[in-house]
Amino acid sequence: MTSAAIYGCAGHRLTEDERAFFAKARPWGFILFRRNIDTPEQVRALTDELRAAIGDPDAPILIDQEGGRVQRMGPPHWPKYPPGDAYLKSTNDPQDARDLVRLGARLIAHDLREVGINVDLAPVLDVPVPGSHDIVGDRAYGQDPQTVALLGRAAAEGLLAGGVLPCIKHMPGHGRAFADSHKDLPTVQVDFETLNAWDFAPFKSLSDMPLAMTAHIVFTAVDKKRPATQSKKAVRLMREHLGFSGLILTDDLSMQALKGSLGERANQSLIAGCDVVLHCNGVLSEMQEVADAVGKLKGRAKARAEAALARIVRTPEPLDAPAAQARFFQSLGGRLEAKKGPDVGEAQA
């Protein structure tokens, strides 16, 4: 029986110990990072191995492939895609930017599908505010909720057209955080009306998406004590106020914003209402701790998981990849330099 967890692995190929663990734990899916990426042939062999380990040829395999600082697959085998804020820099017309974002996402979906990856942890729907931590920074599509929603939907549509599921993040919003949740627990002390009009708005606009990732952030207007990932009040807000009916997965359990053992972190997230927990670093002893705390994927969570996977199109929208890639980068005009900001590497997306 499938468990309510997603795990990483240590290297380019599975070890026998990993294979045995996955066969027993039977996670819902897997996530890949730079440590798992070498050549297209190697990645395809690894995704085949992961699915074979749990006997599910359609199991979800996730990756953070946004572009900019968050791109696990890159040169020389794959293009270097731009960060979110590059699109509006290339044109002053939001509709032109929208078309360009969709094309970029369609190309990313092509890259991912070729190597057996069927979920991209994108688009980022966070809306930065002045002075906030630059962990989001240039990853944001714009500086206002309307632009972020417009371009975020374009990215999601491009991925879906290419046979890859998008996952909106970081719900209900990471743009106002003044700390990096990979290292500390950010607390946002802003009134509900402001949050609703700014931070929450893009997530409400894209509430029809199949997957969403939570933010490890305390919003005192929602829950004074618990981060959204572990807050029943926050998950209820995602479901009822934002209208999100898809699968909710946690951000990485090993991030320092969360307290307690990994088993406690996983248990508290599921009790709060998250459907699936995510553990990224591929450390086998840690994955075992999570597995001991996580139960079966069942009930509404199972139904949401099945509904999400049912949205993967079997025949992607036609694409002349070389021609589309040439058109994409020509339209960007070569202006792909990212703003200075922290490198968002292993387990930091």
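Pro76 lies in the loop that runs between strand 5 (70-71) and helix 3 (86-90), where helices (H or I, at least four residues) and strands (E, at least two) are DSSP runs numbered from the N terminus. The structure is a predicted model, in which local features need pLDDT of at least 70 and side-chain atom pairs count only at pLDDT 80 or more, whereas totals for chains, interfaces and linings use all residues. Residues are numbered from 1 along each chain as its sequence is written, and side-chain values use heavy atoms, with hydrogens and water left out.

The peptide bond that joins Pro75 and Pro76 is cis, with omega of about 10°. A second cis peptide bond leads from Ala122 to Pro123, with omega near 10°, and Pro123 belongs to the loop between strand 6 (119-120) and helix 5 (145-161). A further backbone feature is found at Arg26, which is not a glycine and yet has a positive phi of about 50°. Most residues other than glycine have a negative phi, and most peptide bonds are trans. Arg26 sits in the loop between helix 1 (16-25) and strand 2 (27-32), and with a relative accessible area of 26% Arg26 is partly exposed; here buried means under 20% relative accessible area, exposed means over 50%, and partly exposed lies in between, with a 1.4 Å probe and protein chains only.

As a whole, the chain contains twelve helices and twelve strands. Its radius of gyration is 19 Å, close to the 20 Å that the globule rule gives for 349 residues, so the chain is as compact as a globular protein of that length; the radius is taken over C-alpha atoms, and the globule rule is 2.2 Å times the number of residues to the power 0.38. Taken along the principal axes, the C-alpha atoms fill a box of roughly 50 × 50 × 35 Å. Of the 349 residues in the chain, 59% are buried.

Salt bridges, defined as a side-chain nitrogen of Lys or Arg within 4 Å of a carboxyl oxygen of Asp or Glu, number 18 by this rule. In one of them the side chains of Glu157 and Arg98 meet at 2.5 Å, N to O. This pair links distant parts of the chain, with Glu157 in helix 5 and Arg98 in helix 4 (residues 94-114), 59 residues apart. Glu157 is partly exposed at 26% relative accessibility, whereas Arg98, with a relative accessible area of 17%, is buried.

Helix 5 also contributes Arg153, which is paired with Asp208 in the loop between helix 7 (201-205) and strand 9 (211-214), so that distant parts of the chain, 55 residues apart, are linked. The closest N and O atoms of the salt bridge between Arg153 and Asp208 are 2.8 Å apart. Both partners are classed as partly exposed, Arg153 with a relative accessible area of 22% and Asp208 with one of 38%.

A salt bridge is likewise formed by the side chains of Arg239 and Asp275 (2.8 Å, N to O). Here the linked parts of the chain are again distant, Arg239 being in helix 8 and Asp275 in the loop between helix 9 (262-272) and strand 12 (276-279), 36 residues apart. Arg239 counts as buried at 19% relative accessibility, and Asp275 counts as buried at 3%. Elsewhere, salt bridges that share partners join Asp64, Glu66, Arg72, Arg139 and Lys169 into one network.

Lys224, Lys225, Arg226, Lys232, Lys233 and Arg236 form a positive surface patch. Such patches are made of residues with over 30% relative accessible area and no salt bridge, like charges being joined within 9 Å and nonpolar side chains (Val, Leu, Ile, Met, Phe, Trp, Tyr) within 5 Å. Within this patch, Lys233 is located in helix 8 (residues 232-241) and, at 48% relative accessibility, counts as partly exposed.

Two residue pairs illustrate separation in sequence and in space. Ala53, in helix 2 (residues 40-54), is buried with a relative accessible area of 12%, and its C-alpha atom is 5.7 Å from that of Arg19, although the two residues are 34 apart in sequence. Gly158, in helix 5, counts as buried at 0% relative accessibility; Gly158 and Thr39 are 119 residues apart in sequence and 24 Å apart in space, C-alpha to C-alpha.

Note on methods
Accessible areas come from the Shrake-Rupley method with a 1.4 Å probe; for residues, only the protein chains shown count as cover. Lys and Arg count as positive and Asp and Glu as negative; His and the chain ends are not counted. The place of a charge is taken as NZ of Lys, CZ of Arg, CG of Asp or CD of Glu.
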